[in-house]
Every structure is written in C-alpha cells, then in structure tokens.
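Open the model in your viewer and show side chains as sticks. The tour has two stops.

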Amino acid sequence: MTLCRPLSTRRKILLLLAFLGLLALVVPAAAAAPIVQPASHRALTRTSAALAPAQATAMPPQAPAASMAYSTFSGGMRDDQLWDIAVDAEGYAYVVGSTSSPDRATAGALQMELGNSGLLSDAYVAKIAPNGASLIWATYLGGVREDEGLAIALGPGGSVTVAGITNSENFPTVDALQPKLNLADSVWSGDLFISRFAPDGGSLLWSTFLGGTGRDRPTDIAVDAEGATYLTGWTGSHFPAEKAIYPLNRGIRDAFITKITPDGSAIAWSTHLGGSDRDEGRAIAVDARGAATIVGATSSRNLRIADPFQRTFGGDADGFVARIAPDGQSFEYASYLGGRTFDAATGVALGADGVTYVAGRTDSPNFPRINPFQPSRRGDSDVFVVRISADGSALEAATYFGGTGAEDDCLPVVTSPIQRLDVLQEHLVTQLAVDPQGRVVVAGCTASANLPMVDALPLRRGGAVDGFVAVFNPTLDDLLFSTLVSARALDVPRGVAIDGEGSIYLTGRTDSSDFPSVSAAQPERAGLLDGFALKIGPPFAPPPTATPTATATREPTPVPPTATAPPPATATAASTPTAGVEPTAIPSAPMIYLPIVRRES
C-alpha cells in the first residue's frame, strides 16, 4: 500500500518557486535585525575578527593590541621558582624566588654562590632589562639551610626590598633589628627575613630576621613613599608585637601586620589578627595616608571584626579584608568575605579613587554578586573579584570568573620540607593589580578548557593547569581582555605587576619545556622546574590626549580606528550583596572557547 503519492515534475517546480519566493521575503528581514546580546555577556563572545558590524559598535570602544613583548625562563640545572615581581618607572622588572641551581649569579652580585651544598634552596633576586633579553644583576641570598624569597617591593632611590623565610642561622644580616634566628620548635620552624638591597644589587642596606619561637611565614610586602616596609603573613608563634592592637596569638595560627621603619632599625608597630582557629594574611597594599589593607583566609568563627560589610562567618573558610589606620592603633574596618563553603582572599590592589579590589578563590555557590560579569559559579572552584567602597562600608561590585573546571586550584609542587608543611601556599595564587586607567588585572591558574577568552594571545590550553590573565573594567561587569599563559605541562603565575603604560608583567613557575620564549635572557628550560618572567604589551591603546571641544566651524581631531580610547569609568552605586541566595544560571549566550590541544610528550 502506498502511503504517500510521488510528486509530479510539475508539482515539484511549483513548490520550488513558492519556497524561493518565501526566502526572498525572509532574508532581507533577517539581515535588517541583527541579534544583540545582553551587555553583560557581550565580552564572552568578543573576538578581534568574528563580530557582526552591529555587535562591534555595541562594544566599549577600545583597541586591543596585546602581544608578548618578552618571555624568558629563569633557572638552572636543578629546581627554580619565582614568586613575585615588581617593575620600575623605566620598565626594569625585579623578581624574587628560590633556587638550588649553581651558577645563577651575575658578576658583582652580593652573593655569588649557593649558601648550601645544592640539596636545599637559597633565595634568588634578579633585575631584568626592559626588553627581557638580559639580566642587569642576579644574586643568591641565603645560608647553609633552606631559604626562600617570597615577596618583593621597590622603594625610594631605587632600593629593592625582599621578604621570605629562612632556616639558616648564618643568613646575611646587616644592622638587624633581630640579629638571631629562632629555631625552638624544630630545625624547620624558621623565621622571616626582610632584606633591602642597594639599587645595583651588590650590597644590603639592611637585613634582619623577624619571628617568634614557632613557625612564621611572610606572604607579601609593600613599601611606602618614605621607605617604610609593611608586611603580612601568618605566625604559629607569638610574633613580635609592638604597639599592638592584638598582642597575642589566639589560635593555631594568626595573621600579622607589621610596619618597619625606613632604615630597618625598628618595628614602628606590629599586631596579630585572628580568632581561635587558622588565620592567614595573604596580601597587603598601602595607600598614600599610610593605611595598610590586608586580605587573607580564616577558619575562625570569632575573627575580630570592625565595622564589617559582612559580619558573619559563612562556611568552611572565609576570606577576610581589613584596613589598619596609619598609626597602627586601630582597624578602620575588618570584615569576613565569603559564602557557605571554602573562600580565600589572596590578592589586593587599591584604585586611584580610594576603592579596594580583592581577588581570590571561592567554592561557594552563594558568594556575593553585585552587578557581576559572571553571576554563577561554573566549576568546582572559581576566581572571585570584588570592589569595596573607599570607606570600607560596602561591596560595590562582585563577580565570579571561571570555566567548568577548577580555578585557583594549582597542583602543589613539593620541592622542600618547608613546602611539605604548607602546600596551601602553593595552591592559592590569584593576584591582581590596577592599571593606570583603572582597569583591574587578575592573574591566576585554571584547569578549565572553557575559561572565557577575549582577544587572547595565540597560546592554547596545554597542561593540566595553565596560567591566565584577565582584565576587567573598573565596575567588574565587563571582561576586556583574557588570555592563557600556557604550554604543555604545568604553568602557574604567582606575581603580577603593571607599568605606567599598562603593560602586564607576570612571574611564576613552569614545568613546560615549550613555554613561550620571546626576546629571552634564557630561551630554554634548564632544569625540570624553572621560573619564568614575561611582559605582555599594553592590551589597549593609550587614551588620546585631551583636545578642545569641537565647534560648528572646527573639525574634531581624528582618532585612528585602531586606537579608540576606553570610556571613562563610572562607579556603580553600592547595592546589597546577594549572599545566601542561590545564583541564577548564566544566560545561554554563545561562547567562544580555546580548544584543548593534546601534544605528545
């Protein structure tokens, strides 16, 4: 039995003509009505070459121009890592880290050889030329046991201040405020060191131990315009307290905040901050008044808070943010920051308008969101970025950033007894900085194959964990630039800095032999684990110089089409955070992802 009668040739021709007539009506209408995505998600699909004209004009005016200015390995035949980076007004970059490799110092260095047999590490400090092609100077810094450089900051007169952890009783000291190392608990208990180099790297202006009878670890330092040094970190002992708000350690470990006088001879003030459990300071920034803002992580339900924007402890661990007055005698505010599971604040930077930006990791589905670029957590862990009002009373903006994998869950690298005792320091690495135009630069690590990319460098996802750099607008509701920093193995940025032109500097560690090498002082990996330092040229063209307002008789000054300026930032009004509310799903806008590329080892 026939279910459908076959079409005759005449009927086929009539149907074809009818279809063509309908198509002629539909196509012009579709061309006249392009699809426009919600503004908060346009950045997810923006690329430099694949936008419809109507969409391109809807984007914030800017001229993506990012390129790898230089990228270099930093290492020898053994294990080497870089932990932090700073850059001066002339474009010289300064890095600090650790090395167990011989022959890493340059002629005229403070310390030409490893302080130990090579089985343990020394701190390592180097100055890199603006083009990345050479080292101006490089030196070891250490004694007979384990030493690691963890943080670096530049000060007046070209001085370079570094901080780290040492277990060496013969660590180099000069005019030390604490001349002896405390090793009461065990051979690996360790103290901080703080050392200030002369500009040429050939001598120390001052250098000291600092710590209690237990284990102490610095995580970040800052230097103000007068040369005073500010430190934060954590202590498992009764850390030296001077004019302290909280003089005693209350828990398993406390955060500390310390200010040292410019000549390094005395502690101006020093205080603990913590509750009855674990508390760690992770980053510090200092404003023009001398007020220090620290961020960190706490598992204490009774952290001492002051005028908080989040009063209650949220979950397994929360981030915290605290600002201490210039005289060190009170907290201007101290607050929890988190949701119902694990959260840690690891990076802080100050905006020119007095606002504070904080970044870190969150596992919480109810982390506060305010006018977010990404309103929902997409993987097991995401990066968060928040903006806090100048007076510290409210969150003004807050967003997730991540893919469907994990962000800021970098694999631990166990290369020393110190690291075996504290792998958390290896795991959480997200840092941030603010560029001259107020844009927020975030650097960290990702295991996501679909992290949002915008105008990315020609690098593809390669290893289990890759680095990334992302740039947000000041109100955190638009992603302006995002790229991987990656090769075939494990690549983890740990420090980020910005120069006056908006170039982005990164440092960290890599296991990848094929890590990008451009204008490199060291073009090839020398050991199984090397540090890296790189510079990404300004992702955006500089803003045009101010011109008089055009009149009816005057033609406006032309602006090249590839150098349009970003719009002036407008602060969003503070609104109530949505902590405790389940996030809504991200709208189903199309996304452009970098593909996974699997290479043969």
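Which backbone nitrogen lies 2.7 Å from a polar atom of the side chain of D122? Select G115: the nitrogen is on its backbone.

A word on the ground rules. This is a predicted model, where local features need pLDDT of at least 70, side-chain atom pairs need 80 or more, and totals for chains, interfaces and linings use all residues. Residues count from 1 along each chain as its sequence is written, and side-chain values use heavy atoms, without hydrogens or water.

**Stop one: D122**

Stay on D122, in strand β4 (residues 122–128). Strands are DSSP E runs of at least two residues, numbered from the N terminus. Add N116: its side chain makes a polar contact of 3.3 Å with that of D122. Such a contact is a pair of N or O atoms within 3.5 Å, one able to donate a hydrogen and the other to accept it; residues adjacent in sequence count only if both atoms are side-chain atoms.

D122 is buried but has no salt bridge. Buried means under 20% relative accessible area, with a 1.4 Å probe and protein chains only. A salt bridge puts a side-chain nitrogen of Lys or Arg within 4 Å of a carboxyl oxygen of Asp or Glu. Now select R78, the nearest side chain of opposite charge, 11 Å away.

**Stop two: β8**

Select residues 191–197, strand β8; seven of its seven residues are buried. D191, F193, S195 and F197 point one way, while L192, I194 and R196 point the other.

Add β7 (residues 160–166), antiparallel to β8 through seven bridges. V160 stands opposite F197. Then add β9 (residues 204–210), antiparallel to β8 through six bridges. There, F209 is the bridge partner of F193. Finish at G201, in the turn of the β8–β9 hairpin, with a positive phi of about 75°.

Key: Buried means under 20% relative accessible area, exposed over 50%, partly exposed in between (1.4 Å probe, protein chains only). Helices (H or I, at least four residues) and strands (E, at least two) are DSSP runs, numbered from the N terminus. Two strands pair if DSSP finds at least two bridges between them. Lys and Arg count as positive and Asp and Glu as negative; His and the chain ends are not counted.
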